[in-house]
Amino acid sequence: MSKKVIVLLSGGLDSATVLYQSVGDGYECYALSFDYQQRHRRELKSAYAIATAAGVKEHQVVRFDLRQWGGSALTDDNLDLPKERSLEQMSQEIPITYVPARNTIFLSFGLSYAEAIGAEGVYVGVNALDYSGYPDCRPDYIKAMQTAFDLGTKQGREGNGIKIFTPLIDLKKTEIIQLGNQLGVPWEKTWSCYTGNDLACGVCDACRLRLAAFAELGLDDPLPYQEG
């Protein structure tokens, strides 16, 4: 019987690398993406393209609306996206692009999907070294969620818990790109930009982090940009 895992797939650089890593680890992969009415729903197009390229067994998209209460520049049009910030500025505080409890919501869906199909685990592309410093991307958070996975499921209580796989959590963005290159990730199909435009803006935090990492490696980012 095939080993199954759920892969949380946003369409971004990190989640694409995680998907290709899970394939490389020998798993039958079930991709799970989320349409939460985010400003950058353009990423879902990339998620579909990457899932297709990786040959996943199934790709589900869960739809709900976090714009109902906002609280983030990604879900509230009244909040401006940070732009043209330096890496130092990005590292000073948790940015307004943090979506309240987003990874807790995503992991909960992933857990339900995993238990329903008898999967071994959930792969997620969280990264603790990213300049964003999101609270739900850190090792202590993942450890706490693993406890919730173990205690909150039939599978976990019976001693066959669903594991959270975080292969990128201790990697720098440059190291993630290097890993993705080894795995054959098609960067031209990915999407990082926080704007809802057809072209990446080049100046939001996500674009700047991505461009800086490719530049540090002496590589060209294959995505077309409006600026930067």
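Ser46 is placed in helix H2, which covers residues 43-54; helices (DSSP runs of H or I, at least four residues) and strands (runs of E, at least two) are numbered from the N terminus. The structure is a predicted model, in which local features need pLDDT of at least 70 and side-chain atom pairs count only at pLDDT 80 or more, while totals for chains, interfaces and linings use all residues. Residues are numbered from 1 along each chain as its sequence is written, and side-chain values use heavy atoms, with hydrogens and water left out.

**Ser46 in helix H2**

- Ser46 counts as buried because its relative accessibility is 2%; buried means under 20% relative accessible area, exposed over 50%, and partly exposed in between, computed with a 1.4 Å probe on protein chains only.
- Residues up to four places away in sequence are not counted among the contacts of Ser46, which touches Gly11, Lys189, Thr190 and Trp191; contact means heavy atoms within 4.5 Å.

**Annotated cysteines**

- An unreviewed UniProt entry assigns the feature "binding site" to Cys193, Cys201, Cys204 and Cys207. UniProt positions follow the numbering used here, feature names are shortened, and annotations may be inferred rather than shown by experiment.
- Cys193 belongs to the loop that runs between helix H7 (173-183) and helix H8 (205-216).
- With a relative accessible area of 1%, Cys193 is buried.
- The contacts of Cys193, apart from neighbours within four places in sequence, are His40, Ala200, Cys201, Cys204 and Cys207. Three of the annotated positions, Cys201, Cys204 and Cys207, are therefore among the contacts of Cys193.
- Cys207 is located in helix H8, and its relative accessibility of 1% classes Cys207 as buried.
- Once neighbours within four places in sequence are set aside, Cys207 is in contact with Cys193, Ala200, Cys201, Gly202 and Tyr225.
- Ala200 and Cys201 appear in the contact list of Cys193 and also in that of Cys207.

**Positive phi angles outside glycine**

- Glu84 is a residue other than glycine, yet its phi is positive, near 55°.
- The loop between strand E3 (58-63) and helix H3 (87-90) contains Glu84.
- Glu84 is classed as exposed because its relative accessible area is 55%.
- Ala101, likewise not a glycine, has a positive phi of about 60°.
- Ala101 is situated in the loop between H3 and helix H4 (102-117).
- A relative accessibility of 35% makes Ala101 partly exposed.
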